[in-house]
Amino acid sequence: MGAFTLPIHQSIVATTALLSLAVAPHAQAGNGRFNAGVHDFCVSVRFNAGSAQLTNIKNNFEAGSQIVADATDDQHRFGTITVVNNSGATRSADWWIRNDRRGARAQLDGYGIRGARAEIHSEFFLGTNDLTAYTITHEHMHLSYNLEDEYLPGGLPGCAEVSDETTLDYSIMDTYHSRGTATLPGGMLSLNELCVAGNHDPNGDTPQHRLHGESCWDTLASHPTRSATAPAPMTLPVAAPPPPHTVTFVDGIGGIQVMLVVDRSGSMASNNRMYYAKESSQEFTAALEPGDWVGVASFSHTISDDMDLTVVSASGTEIASADAAVRGLMTGGNTNIGDALVQGLTELGTASAPSCDRLIVLLSDGDHNWGTPPLSVIPTLQAAGATVLAVGVGDSLSTTGHRTLRQLADDTGGRYWRAGNSDDLMRIMREVAMESIAAGVFASAPVTMTPFSLHSETAFVEADAAQAEFFLAISSANDQATLELVAPDGTVVTAANVHHMGGTFVGRLHSQRFVIPQPMPGTWTMSIQTGAISNGKASVMATAESPGTNLELRLEKGSATPTESILVEATPTHAGTPIVGAVIHGAVERPDGSQVLIQFYDDGFGHDVFASDGVYTAQWSGSTEEGIYKFDVSASVANGVTVAAEHFMGPPIPAAAVPDFDRYKTTYLVVKN
């Protein structure tokens, strides 16, 4: 984070590092894109802003871009900014504008990574010259370049504690509460540069020095994907501001635009993979709503456009058409992932309305062996702001193949899942759907069903959930099982009476799902009553729609070599803000099926750089063999509070209590020599 400003405040050092580990950045990933010095990104306005408010927001980002250009010696700026009003683009936006007094913050080096963002509350937007543009620039430096604050806890100046500040404008990473407030011609402040080696924190006590041990210009100059050329040694940045430039603004829609890209190569006939792919695709499309867009493409060595990208109407007939397109696929041939991605991207380009959520859901069971190399398509995907959600299926996909899918997801700001068995696809595709619509998983567990028995799993629903879903996936259609719910007040919810709660029930061959709007908070029980059982494999999952309440999980890198040490970060959030006081549990499943527990810390010691910043860090070095390592992480929040924010208007904003909630997330590490 680190918002800038301000009065003496709780734990300012803590709030300046919401994502503090040196995670390898994802080049031009996700919605946020960077090319030739230009940042294109999405802004999500988290309330229904009027036209005057939207104009003010745009004016301040325009002014912020001029300061970014000044601070980078005219090397970087904002290009096209897509603004989505009324809480759209929840997970894809790089910026949130909140209608509350929560200060400003940003997740370090989170630019373009799905679920990471900078935030600023609407009180900042009182006028173009009210310091808002400087706050935007300051947070952008955190978000895009991994820069930390150059001031001390309590708002005390820390950067350039030397006399040459009289000739150099102040650092944008310093605090304009007490420094750099001299007005320059044109109404701008003298807080528009970055420190260089010659005037960086001689006492070595600022967060920037603690994290990087160097000046902000040095950190920016060495950024792997968004670098700029630093001033020559022993010189200062260019003092004169560059000529003004223009930022382009686009009004975006809130819905998602998704292409299902399905492998139909010959190997998909093995172990019923295509059968389960057809069944599980319905679990994804069932999450789509009117205003979303959906299309289908498939591939072997040839590519087919099975359903053009189409907007979903109120009737939902387009969802049925997408399901029918997948059900009609036939297997045969080799595996051409690269050209399939190009086809999916081409279809996304046909949409008549701009969305910040442009997704390709890629499902494949084999190594690419035909046509355009998939990794060569990554720059094109990045430039278009398309995110890949990749699912690797079965055991015929090599470690190299998994690594390719993981990199496609990582480098486009997406996520990667591994379905070890075909029947895992039912649950995983539902989880992919929840990721797409920004719902969070709060319970997930495998179930072994025995004949004529009752199996129960509990799940805690938070107080502000707009909707909860309880899902049962069954491996064999021949297994007899019935899902029922018990609400916190003891009410038994069945397929026959769920409508009394305003909810719905959907039953299919391999799945059953309850959807409960405005669910009663508390502990729900998912009860599975079985009859005759031949297979017994099943899984349950519970999800909630509470925008901004989630568990963000990041690995230092998606691929590693055996014995390599990897840092892991877990960040529980409520309404987009990290939480202090959570209990984080983690386990790693090795390729041989054994499990190892991992311990998370938020204490500022060892690999955890900043204490009480809501970023819980673990270290993993137990990868002793090649293969896929699954990280299962859960967060339980009871009596938790948000990380305190910084601000510069009015009294200090204290940490806020949040409703109790649980969240669960998985990620995967591909290990190969």
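Colleague: How do you know that helix α8, residues 337-348, has the span a helix should have?

Modeller: Let's set one value against the other. At 1.5 Å a residue, the 12 residues of α8 should span 16 Å, and the C-alpha atoms at its ends are 17 Å apart, so the two values agree. Keep in mind that this is a predicted model.

Colleague: Which residues of α8 are called buried, and what makes them so?

Modeller: The buried ones in α8 are Ile337, Gly338, Ala340, Leu341, Gly344, Leu345, Glu347 and Leu348. The word is used because a residue counts as buried when its relative accessible area is under 20%.

Colleague: Let's turn to the cysteines. Why is the link of Cys42 and Cys356 called a disulfide?

Modeller: The cut-off is 2.5 Å between two cysteine sulfur atoms. In this pair the S to S distance is 2.2 Å, which is within the cut-off, so Cys42 and Cys356 are joined by a disulfide. The structure holds 1 disulfide. About its S-S bond the angle is 90°, and the link is right-handed.

Colleague: What does the pair of Cys42 and Cys356 tie together?

Modeller: Cys42 lies in strand β2 (residues 38-45) and Cys356 in strand β15 (residues 355-364), so the link ties together parts that are 314 residues apart in sequence. Both cysteines are buried.

Colleague: How do you know whether Cys216 is bonded or free of a disulfide?

Modeller: Look at its closest cysteine sulfur, which belongs to Cys195. The distance is 6.1 Å, while a disulfide needs sulfur atoms within 2.5 Å, so Cys216 and Cys195 are too far apart for a bond.

Colleague: And why is Cys216 called buried?

Modeller: Its relative accessible area is 0%, and the word applies under 20%, so Cys216 is buried.

Colleague: Now for the open spaces. What is the volume of the largest pocket, and which residues are closest to its centre?

Modeller: The largest pocket has a volume of about 680 Å³. Its lining has 27 residues, and Asn421, Asp424, Arg427, Pro446 and Lys630 are the closest to the centre.

Colleague: Which element gives the largest share of that lining?

Modeller: Strand β18 does, with 5 residues. Among the elements that each supply at least two residues are α11 (424-436), β18 (440-448) and β33 (627-642). By class, the lining of the largest pocket has 11 nonpolar, 7 polar and 9 charged residues.

Colleague: What about the second largest pocket, and which residues lie nearest its centre?

Modeller: The second largest pocket has a volume of about 400 Å³. It is lined by 23 residues, with Thr90, Gly254, Glu289, Ile437 and Glu545 nearest the centre. Strand β12 (residues 253-263) gives the most to this lining, namely 3 residues. The classes here are 9 nonpolar, 8 polar and 6 charged.

Colleague: Why is a space called a cavity rather than a pocket?

Modeller: It depends on escape: a space is a cavity because a 1.4 Å probe fits there but cannot get out, while a pocket is open. The structure holds 6 cavities of 30 Å³ or more. About 70 Å³ of space lies in the second largest cavity.

Colleague: What makes up the lining of the second largest cavity?

Modeller: Its lining includes Arg415, Glu431, Met434, Glu435, Tyr664 and Lys665. Helix α11 provides the largest share, 3 residues, and α11, β18 and β34 each supply at least two. By class, this lining has 4 nonpolar, 2 polar and 4 charged residues.

Terms used:
Residues numbered from 1 in each chain as written. Predicted model: local features only at pLDDT ≥ 70, side-chain atom pairs only at ≥ 80, totals over all residues. Heavy atoms only, no water. 1 Å grid on protein atoms, 1.4 Å probe; cavity = no way out; pocket = protein on both sides within 12 Å on 5 of 7 lines; lining within 4 Å. Points joined across faces, edges and corners; volume = space filled by probe spheres on them. Helix = DSSP H or I, 4+ residues; strand = E, 2+ residues; numbered from the N terminus. Nonpolar A, V, L, I, M, F, W, Y, C, P; charged D, E, K, R; others polar. Buried < 20%, exposed > 50% of the residue type's maximum accessible area, 1.4 Å probe, protein only. Expected span 1.5 Å × (residues − 1).
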